[in-house]
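Q: Please take a close look at a single helix here. Then set that helix beside the charged pairs.

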Amino acid sequence: TVFKDIAPGYYIRELTDEEKAVKVAKDTRALRDFEQSLVSNYQHYVGLLERYVQAAAGNDNAGTAALKVLSNGRVIGTTGMQSLGVTAMKCMGTLLLGLSHFNCSKQLVQAMVPRLDSKQCNGSLSVICLETLKEIFREQGATEVTVEAVRTINQIAKTRRDGRLGTAFIEVLTCFKSSALADAAAAAVTARKEEQQKRRDDRAKLSRKQKKNLKASAKLDKELLE
């Protein structure tokens with residue numbers, strides 16, 4: 001997809017109110033605007049794909065309405081709707097494989113894992129999710145994405161009366177290396193610490209005037225809340 005070609009090789013975090021209030025160089029402002037616009041449109045696209053899949057499964061009226069808009073108001077038959085749903089799921093798989101480091105990866109995982117044993121769309125959704133997640137587990141090992149997948153599988157197991165999972169779930173987990181789960185958990189903690197440190201470093205690089213503006217802005221916000 002286009003997003004795979006233009007998305008940067010890093011996660012784009014949301015700017016804080018303090019950061020937005022600070023005056024920055026023209027080039028920096030342009031980059032920030034591009035990044036925030038990219039994330040906003042990417043989130044919208046991923047959400048649209050989810051709705052198409054849900055509509056194909058017959059459990060999202062809003063998604064069904066969106067599909068009708070896509071077809072210029074014409075009624076889409078069951079076969080056509082399922083075909084679009086399968087295509088949307090393939091797009092989600094492509095995004096997760098190609099942009100697992102980027103925004104919305106957690107959202108993609110949470111959308112795909114529960115459909116590992118789905119019988120909808122003649123089982124096509126399940127096959128796509130299975131192959132995608134197996135590849136993710138084999139290639140990436142310990143990452144925040146695989147940790148999220150394992151966490152989601154665990155949550156699904158807890159919601160089932162007997163705690164049993166289908167063979168697709170087990171097949172995915174067997175692609176995980178023996179020590180990868182502990183490594184993945186450690187990687188997630190490290191990533192969070194690095195993000196916190198980056199914010200501290202960014203703040204330390206501000207000039208005295210910028211720090212003063214930030215402090216004044218925070219004080220004003222506090223007064224307004226009171």
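A: Start with the term. Helices are DSSP runs of H or I, at least four residues long, and strands are runs of E, at least two; both are numbered from the N terminus. The model is predicted: local features need pLDDT of at least 70, side-chain atom pairs count only at pLDDT 80 or more, and totals for chains, interfaces and linings use all residues. Residues are numbered from 1 along each chain as its sequence is written, and side-chain values use heavy atoms, leaving out hydrogens and water.

Take helix H3. It covers residues 26–56, 31 in number. The expected span is 1.5 Å times one less than the number of residues. That gives 45 Å for H3, and its end C-alpha atoms are 45 Å apart, which agrees. After H3 comes Gly-58, with a positive phi near 80°.

Next, burial. Buried means under 20% relative accessible area, exposed over 50%, and partly exposed in between (1.4 Å probe, protein chains only). The buried residues of H3 include Leu-38, Val-39, Tyr-42, Val-46 and Leu-49. Charged residues are also among them: Arg-32, Glu-35 and Glu-50.

Phe-34 also sits in H3. Its relative accessibility is 42%, so it counts as partly exposed. Phe-34 joins Val-2, Ile-6, Tyr-10 and Leu-31 in a nonpolar surface patch, with about 470 Å² of accessible area together. Patches take residues with over 30% relative accessible area and no salt bridge; like charges are joined within 9 Å, nonpolar side chains (Val, Leu, Ile, Met, Phe, Trp, Tyr) within 5 Å. The areas come from the Shrake-Rupley method with a 1.4 Å probe, and for residues only the protein chains shown count as cover. H3 and helix H1 (2–6) each supply at least two residues of this patch.

Now the charged pairs. A salt bridge is a side-chain nitrogen of Lys or Arg within 4 Å of a carboxyl oxygen of Asp or Glu. The structure holds three.

Arg-13 pairs with Glu-19, the closest N and O atoms being 2.7 Å apart. Arg-13 is buried at 13%, and Glu-19 is buried at 16%.

Lys-134 meets Glu-171 at 2.8 Å, N to O. Lys-134 lies in helix H7 (residues 124–140) and Glu-171 in helix H9 (residues 167–173), so the pair ties together parts 37 residues apart in sequence.

Arg-151 pairs with Glu-148 at 2.6 Å between the closest N and O atoms. Both lie in helix H8 (residues 144–159), three residues apart, about one turn. Glu-148 is buried at 6%, while Arg-151 is partly exposed at 38%.
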